[in-house]
Amino acid sequence: MRFIKVLLLAICFFVALVFFIQNTAVFNQALELKFELLGKSWKTAAIPTYLLILGAFLIGSVFSTMYFFVDKLRTGGQLRKCKNRIAELETEVNTLRTLPLEENKYATKPHEVQDSPVPEGN
């Protein structure tokens, strides 16, 4: 499975590399981004397209990493709680296993056993 993952990653890297090499002129074109809202206007300096794509990838990577880090912390806390609960239950089971059985603890009355006919199975 690891070999297949590495092979797929290498193929994706190769395809991306060929794509960027074949479209170098397009990715070097400068873009000017602007934002207009309620009569106000904001413009960026002219930046190459590849820089915009790289920045979007970087921001997405940072947000994804933060999300998965928080999720790992949360699941780690749940795992710790479950392990503690399992340890408590195991100690409880072990103490219950080693308890001596006391005959006099529960009062029981002798029961009269009545003989009843047992039905024969077919």
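Select T49 to begin, and colour it so that it stands out: T49 is buried, because its relative accessible area is 15%, where buried means under 20% relative accessible area, exposed means over 50%, and partly exposed lies in between (1.4 Å probe, protein chains only). The place of T49 is in helix 3, which covers residues 49-98; helices (H or I, at least four residues) and strands (E, at least two) are DSSP runs, numbered from the N terminus. Now show the side chain of T49, and you will find that it reaches the backbone oxygen of Q29 at a distance of 3.1 Å. If you set aside the neighbours within four places in sequence, T49 is in contact with V26, F27, Q29 and L31, contact here meaning heavy atoms within 4.5 Å.

Before you go on, a word about what is on the screen. This is a predicted model, in which local features need pLDDT of at least 70 and side-chain atom pairs count only at pLDDT 80 or more, while totals for chains, interfaces and linings use all residues. Residues are numbered from 1 along each chain as its sequence is written, and side-chain values use heavy atoms, with hydrogens and water left out.

Next, select N28, which sits in the loop between helix 2 (24-27) and strand 1 (30-31). N28 counts as partly exposed, because its relative accessibility is 46%. Not counting residues up to four places away in sequence, N28 touches P48 and Y50. Add L51 to the selection and draw a line from C-alpha to C-alpha: N28 and L51 are 8.8 Å apart in space, although 23 residues separate them in sequence.

Now move along the chain to L38, in the loop between strand 2 (34-37) and strand 3 (40-43). Is L38 buried or exposed? L38 counts as exposed, because its relative accessibility is 82%. Look at its backbone as well, since L38 is not a glycine and yet has a positive phi of about 50 degrees.

Return to helix 3 and select D71 together with R74. These two form a salt bridge in which the closest N and O atoms are 2.5 Å apart, a salt bridge being a side-chain nitrogen of Lys or Arg within 4 Å of a carboxyl oxygen of Asp or Glu. Side chains of opposite charge can pair when their charged atoms come close. D71 and R74 both lie in helix 3 and are 3 residues apart, about one turn of the helix. D71 is partly exposed, with a relative accessible area of 25%, and R74 also counts as partly exposed, at 47% relative accessibility.

Which residue forms a salt bridge with E88? The partner is R85, and the closest N and O atoms of this pair are 3.6 Å apart. E88 and R85 are separated by about one helical turn, because they are 3 residues apart in helix 3. Here too the residues are partly exposed, E88 at 47% relative accessibility and R85 at 48%. The count of salt bridges comes to 2.

Then go to helix 1 (residues 2-22) and select F14, which is found there. F14 counts as exposed, because its relative accessibility is 54%. Extend the selection to M1, F3, I4, L7, L8, I11 and V15, which together with F14 form a nonpolar patch on the surface with about 890 Å² of accessible area. Such patches are made of residues with over 30% relative accessible area and no salt bridge, like charges being joined within 9 Å and nonpolar side chains (Val, Leu, Ile, Met, Phe, Trp, Tyr) within 5 Å.

Select the cysteines C12 and C82 next: C12 counts as exposed, at 52% relative accessibility, whereas C82 is partly exposed, with a relative accessible area of 47%. The count of disulfides comes to 0, a disulfide being a pair of cysteine sulfur atoms within 2.5 Å.

Finally, zoom out to the protein chain as a whole, which has 3 helices and 4 strands and follows the pattern α-α-β-β-β-β-α along the sequence. Of its 122 residues, 2% count as buried. Among contacts between residues at least 6 apart in sequence, 3% join residues at least 24 apart. The accessible surface of the protein chain comes to about 12400 Å², of which 66% belongs to carbon and sulfur atoms.

Conventions: Areas by Shrake-Rupley, 256 points an atom, 1.4 Å probe, with all protein chains shown as cover. Polar contact = N/O pair within 3.5 Å; in protein donor to acceptor, adjacent residues only side chain to side chain.
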